[in-house]
Amino acid sequence: RNLFNRHRRRQKYNSGSCRTGRSGSAPPRNRVERGESKLAVFKPEDEETGAQRQLRLGDKNPERAGMVIGGGAKRERAAYVLDKLYFGFSKVPPTLLTQVTSHDTTKDRTKVKRGSLQRYCPSEGSAEEKPDLVFRAKCTEVHRIGILDLRIFNTDRHAGNILCQLNKKRDGKDEV
């Protein structure tokens, strides 16, 4: 919540690197930082799957039937709003629609990008990178993701977009 209030006040943040997403929606430069703290991930509309093919925002996405180029940011926000209505059942991190202004030094111009800004969630890696953690996860946690996917008609669930977190329990054992 504080991140989003500060964001509205137009404070300056640094961008940093994060692992790239499989669809190209989270390029390395789109992590938002303040000092050493990782705060959020910005996912630009014009860098979604299919957007690199000289298609315009709003065109049909040739790689995902029924989807349009640039619609991912709105779907990210809708998933958060829907989950919030159900008291955070699926644990979708806070997400908002915003625009980011950056200065292109090579062309000496300012560029405005629209997209979604989502709170950064630390993780051990994706289910694709850490398959051993997936088998240790509680069924209820996996079901939360599946129920969310059914509620929002998500057709893009794969191991690369499921984050695995380790939580220390009181008895010293790890819980996924």
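**A helix, its loop and a hairpin in a predicted model**

Just after helix α2, Phe87 takes a positive phi of about 60 degrees. This is a convenient place to enter the structure, which is a predicted model. Phe87 belongs to the loop between α2 and β4, and its positive phi is found in a residue other than glycine. With a relative accessibility of 80%, Phe87 counts as exposed. The loop between α2 and β4 also holds Lys91. Lys91 is likewise a residue other than glycine with a positive phi, here near 60 degrees. Its relative accessibility of 52% places Lys91 among the exposed residues, because the cut-off for that class is over 50%.

Stepping back to the whole chain helps to place this loop. The chain contains 4 helices and 9 strands. Read from the N terminus, these elements follow the order α-β-β-β-α-β-β-β-α-α-β-β-β. The chain has 176 residues, of which 31% are classed as buried. Among contacts with a separation of 6 or more, 47% are between residues 24 or more positions apart. The surface exposed by the chain comes to about 12,100 Å², and carbon and sulfur atoms supply 51% of that area.

Helix α2, which precedes the loop, covers residues 72-85. Its 14 residues reach 20 Å from the first C-alpha to the last, close to the 20 Å expected at 1.5 Å a residue. Five residues can be picked out on the structure as the buried ones of α2, namely Gly72, Ala73, Ala79, Tyr80 and Asp83. Viewed down the axis of α2, these buried residues fall within an arc of 125 degrees, so they line one face of the helix. What does this buried set pack against? The partners of the buried residues of α2 are β4, β5 and α4, the last of these made up of residues 139-152.

Helix α4 can be described in a similar way. The span expected for its 14 residues at 1.5 Å a residue is 20 Å, and the end C-alpha atoms of α4 are 20 Å apart, which agrees. After α4 comes Phe153, which has a positive phi near 55 degrees.

The two strands that pack against α2 are themselves paired. Strand β4 (residues 95-104) and strand β5 (residues 109-119) run antiparallel and are joined by 10 bridges. Together β4 and β5 form a hairpin, with 4 residues between the strands. In the turn of this hairpin, Asp108 has a positive phi of about 50 degrees. Two positions help to trace the register by eye: Thr98 stands opposite Gly115 in β5, and Thr101 stands opposite Val112 in β5.

Strand β5 is also paired with β3 (residues 37-44), again in an antiparallel arrangement, through 5 bridges. Here Pro44 has Gly115 of β5 as its bridge partner. Gly115 is therefore a useful landmark, because a bridge counted by DSSP ties it to Pro44, while Thr98 stands opposite Gly115 as well.

Next to this landmark, Arg114 also lies in strand β5. Is Arg114 buried, exposed or partly exposed? Its relative accessible area is 45%, and Arg114 is thus partly exposed. Apart from neighbours within four places in sequence, Arg114 is in contact with Phe42, Pro44, Glu45, Thr98 and Gln99. Arg114 and Val100 offer a further view of the fold, being 14 residues apart in sequence but 6.4 Å apart in space, C-alpha to C-alpha.

Finally, the cysteines deserve a look. A disulfide is a covalent bond between the sulfur atoms of two cysteines. How many disulfides does the model contain when a pair of cysteine sulfur atoms must lie within 2.5 Å? The count comes to 0 disulfides. As for exposure, Cys121 counts as partly exposed, at 25% relative accessibility. Cys139, by contrast, has a relative accessible area of 57% and is exposed.

Methods:
Residues are numbered from 1 along each chain as its sequence is written. This is a predicted model: local features need pLDDT of at least 70, side-chain atom pairs count only at pLDDT 80 or more; totals for chains, interfaces and linings use all residues. Side-chain values use heavy atoms; hydrogens and water are left out. A disulfide is a pair of cysteine sulfur atoms within 2.5 Å. Buried means under 20% relative accessible area, exposed over 50%, partly exposed in between (1.4 Å probe, protein chains only). Contact means heavy atoms within 4.5 Å. Accessible areas come from the Shrake-Rupley method with a 1.4 Å probe; for residues, only the protein chains shown count as cover. The expected span of a helix is 1.5 Å times one less than its number of residues. The arc is that of the directions from the helix axis to the C-beta atoms.
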